[in-house]
Amino acid sequence: MVGNQVERQKILDIRNLRIELKGRRERLAVVDGVSLSVSQGETLGIVGESGCGKSVLSLSMLGLLPKAMEINGGEIWYGEREDEAQPLHLLKPKELRKIRGREVAMVFQDPMSSLNNSLTIGYQVTEGLRLHLGYSRQEAAAQAIELFRKVGLARPEKLLKEYPHQLSGGMRQRVMIAIAIACNPGLLIADEPTTALDVTIQAQILEVMRQIRDQDGTSIVLISHDLGLIAEMCDRIAVMYAGRIVEEGSVADIFDRPRHPYTIGLLNSIPSPSHKGHRLHSIPGAVPALHERSVGCNFAPRCQYAMECCRIEQPKLSPVGFGHTTSCFLVVEEGVRKGDNRNTADRAEGTGEVLYETSVAAEGTGAASR
Amino acid sequence: MLRAVDGVSVSIRKGETLGLVGESGCGKSTLGQITARLLEPTGGGLFYKGEDIAGSGSRNQQDLRRRIQYVFQDPFTSLNPRFKIGRLLEEPLKLNRLGKAAERWSKVSDMLESIGLDESYRNRYAHELSGGQRQRIGIARALMLNPEFLVLDEPVSALDVSVQAQVLNLLKDLQQELSLTYLFISHDLNVVHYMSDRVAVMYLGKIVEIGEMEEVYAHPLHPYTQALVSSIPAERAAQKRERIVLQGDLPDPSAIPSGCAFRTRCMHAHDRCFSETPTLADVREGHAVSCHLWSEESYSVNEIKEVRTASL
């Protein structure tokens, strides 16, 4: 694996991607100008609330968009080596089928509904091996048993002949992971892989995913609404809000020096031991629906710092530190004004604190006036 | 016969919040429904203010229903889609023949105000509201009859983080304002920790540990609780900690293991756990645990402590 090179090869490169929902009269942007990249062996977390477009984004990487949606602008490039990079957004269904499951694989959220109930576990796990890699039945079965051991499934030989309904949720999710890693893909996309599972089972699944990443150097895109899970698993985090990326950076950037008001609000609204006895910070209002999104910053209606320009123009993702970008006029303006990029990160921490204090005060008065 | 809840004894004090945590299928919702008299227990007693209310007559029951209310997990399915919000909130008053039409009208207005929604919501349908607003309506409906006690069954599990905070704040405010007592059921330990004064941990129909929230959170005694607490994601990335990863799945509730139900996944399991069922016993003042490790001389307390600090 080339994972240890100084300059790591980008395995997935998404540029200015726009995905639209085709309506009768108008077309609504579900994903709006998203750029992301994943390096070899890296784990990228995409975090956001329901309806922010994170699942649609992940489906587009596999060419699995529902019929009502289509890519309208932007590019998705995938390749383990630069000269081999393929434009996933241009490939025909037949070409995509060769990549899907072999080079890019996906673990879906709900292990209850994403396995076929009328086929044996063995069939579903070996299907990819036989189609993509041309394994014979026996070879594939032997390989499947190996895979079951790898993901920690007990009695693998018997499991081949069993059906999904005979397994528990945790076991089914392990089977899903076994299917996904069967052809040793370069990129694994996991869309809320543990949301449907209990906490103790969640811990087991994360352990399996960590092993796969460390042993095989597989790159992972982990999509979740759970900030704690993202913090534990990922190298880099992208925060999505209403179809756009509002902040991107390392785990430390996002958790210790968040700059975007939405990220700050999100972090402060998680009940954690240090919040005990205090009022939780809550972001007023709700996520705007597709047709309510504006030309300006989508967070402006819920943002207490919203300025005139926020409602008219969409802020661009701009650097606020090394590898740390955010799309907010407030933060960018401040950075430009101070004209100093070296200390931005240090100052950011202070800003975060101040934002939190004022937001609590503002909320207090809001409640009183109600 | 399957015992969803088996030999549970628990008491809730006036004005407190008792958190109830456990994995799906452990019987925490069943216990909540028994508490609110939505289910009838097969055995045992249920005392409310010193009075046995299990199997009490229907007139008595109606009075109890007024005092003990239930908030359901899923705000999408627990509100009738064909009723306007105003009617949804008025319904409990009508059923109990309380007040004249004008009084009911103003009571609904007051309630809407106290949950932070304006009068215009009266004429909307549930599908026009967001998840957080719907859950507020669910809470408001439960409060229409001025109950003393609320059973909250995963009230924020279906909500996004930012909205979850709104509902948790509302629940805290209402508790103070109306001096309510809560039974708060959740699988999310962070949420339970934030809301509760005391906590009970359930595993396969039994309570395995119960105590003051801070105490249990800081010093979990039962190996299951220890695994749960260790699985809480760290607050800051820098505090990444070692998880105790339990092996295996929750056993089938229709074939509960002999002895201690947790022994199949417990790393401290020994002979006695196979043969003898542990009972819930106080280890410290107000902190009870059901585990042989804590009732035995042979296995010293210090030894387990060492194991725990090593693995945490």
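Trainee: What makes the pairing of R279(A) and D173(B) a salt bridge?

Mentor: Their side chains meet with nitrogen and oxygen 2.8 Å apart. The rule wants a Lys or Arg side-chain nitrogen within 4 Å of a carboxyl oxygen of Asp or Glu, so the pair of R279(A) and D173(B) qualifies. Keep in mind that this is a predicted model.

Trainee: How many salt bridges does the rule find across the interface of chain B and chain A?

Mentor: One. Over all chains, the structure holds 37.

Trainee: And what goes on around that interface, in contacts and area?

Mentor: On the contact side, 39 residues of chain B touch 43 residues of chain A. The two chains bury about 3,600 Å² between them, with 51% of that on carbon and sulfur atoms. In chain B, V161(B), Y194(B) and R243(B) lose the most area to chain A, together 17% of what that side buries.

Trainee: Why is Q204(A) called buried?

Mentor: Its relative accessible area is 5%, and buried means under 20%, so Q204(A) is buried. This residue sits in helix α7 of chain A. Leaving aside neighbours within four places in sequence, Q204(A) is in contact with R174(A) and with several chain B residues, among them V245(B), L246(B), D249(B) and R265(B).

Trainee: Back to salt bridges. What makes R37(B) and E40(B) a pair, and is each one buried or partly exposed?

Mentor: The N to O distance is 3.0 Å, inside the 4 Å cut-off, so the pair counts. The partners fall in separate classes: R37(B), at 3% relative accessibility, is buried, while E40(B), at 47%, is partly exposed.

Trainee: What makes E91(B) and R87(B) a salt bridge, and where do they sit?

Mentor: Their closest N and O atoms are 3.8 Å apart, and the rule allows anything within 4 Å, so the pair passes. Both belong to helix α3 (residues 85-95) of chain B, where being four residues apart puts about one helical turn between them. E91(B) is partly exposed at 24%, and so is R87(B), at 41%.

Trainee: How do you know that R272(B) and E276(B) are partly exposed?

Mentor: Partly exposed covers what lies between the 20% and 50% marks. R272(B) has 25% and E276(B) has 36%, so both belong there. They also form a salt bridge, with the closest N and O atoms 3.1 Å apart. In chain A, bridges that share partners join R18(A), E20(A), K22(A), R27(A), D32(A), E70(A) and R244(A) into one network.

Trainee: Now cysteines. How many disulfides are there over all chains, and why is C303(A) not bonded to C328(A)?

Mentor: The count is zero. C328(A) holds the closest cysteine sulfur to that of C303(A), yet the two are 6.1 Å apart. A disulfide needs the sulfurs within 2.5 Å, so this pair is too far apart for a bond. C303(A) itself is buried, at 15%.

Trainee: Why does C291(B) have no bond to C266(B)?

Mentor: C266(B) has the closest cysteine sulfur, and the gap is 6.1 Å, which is too far for a bond. At 11% relative accessibility, C291(B) is buried.

Trainee: What makes C297(A) buried, and which residues does it contact?

Mentor: Its 12% relative accessible area is below the 20% limit, so C297(A) is classed as buried. C297(A) lies in the loop between α10 (261-268) and α11 (308-312) of chain A. Its contacts, beyond neighbours within four places in sequence, include R244(A), C310(A) and P315(A).

Trainee: What makes the backbone of R155(A) and E192(A) worth flagging?

Mentor: R155(A) has a positive phi of about 35° although it is not a glycine. E192(A), also not a glycine, has phi near 45°. R155(A) sits in the loop between α4 (137-150) and α5 (156-159) and is partly exposed at 38%. E192(A) is in the loop between β8 (187-191) and α7 (199-216) and is buried at 7%.

Trainee: How do you know that strand β7 of chain A is covered on both faces?

Mentor: V104(A) and M106(A) on one side, and A105(A) and V107(A) on the other, are all buried. Four bridges join β7(A) to β8(A), which run parallel. Pairing takes at least two bridges, so these strands count as paired. A105(A), for one, has L188(A) as its bridge partner in β8(A).

Notes
Residues numbered from 1 in each chain as written. Chains lettered and ligands numbered in written order. Predicted model: local features only at pLDDT ≥ 70, side-chain atom pairs only at ≥ 80, totals over all residues. Heavy atoms only, no water. Buried < 20%, exposed > 50% of the residue type's maximum accessible area, 1.4 Å probe, protein only. Helix = DSSP H or I, 4+ residues; strand = E, 2+ residues; numbered from the N terminus. Contact = heavy atoms within 4.5 Å. Buried area = accessible area lost by both parts, 1.4 Å probe.
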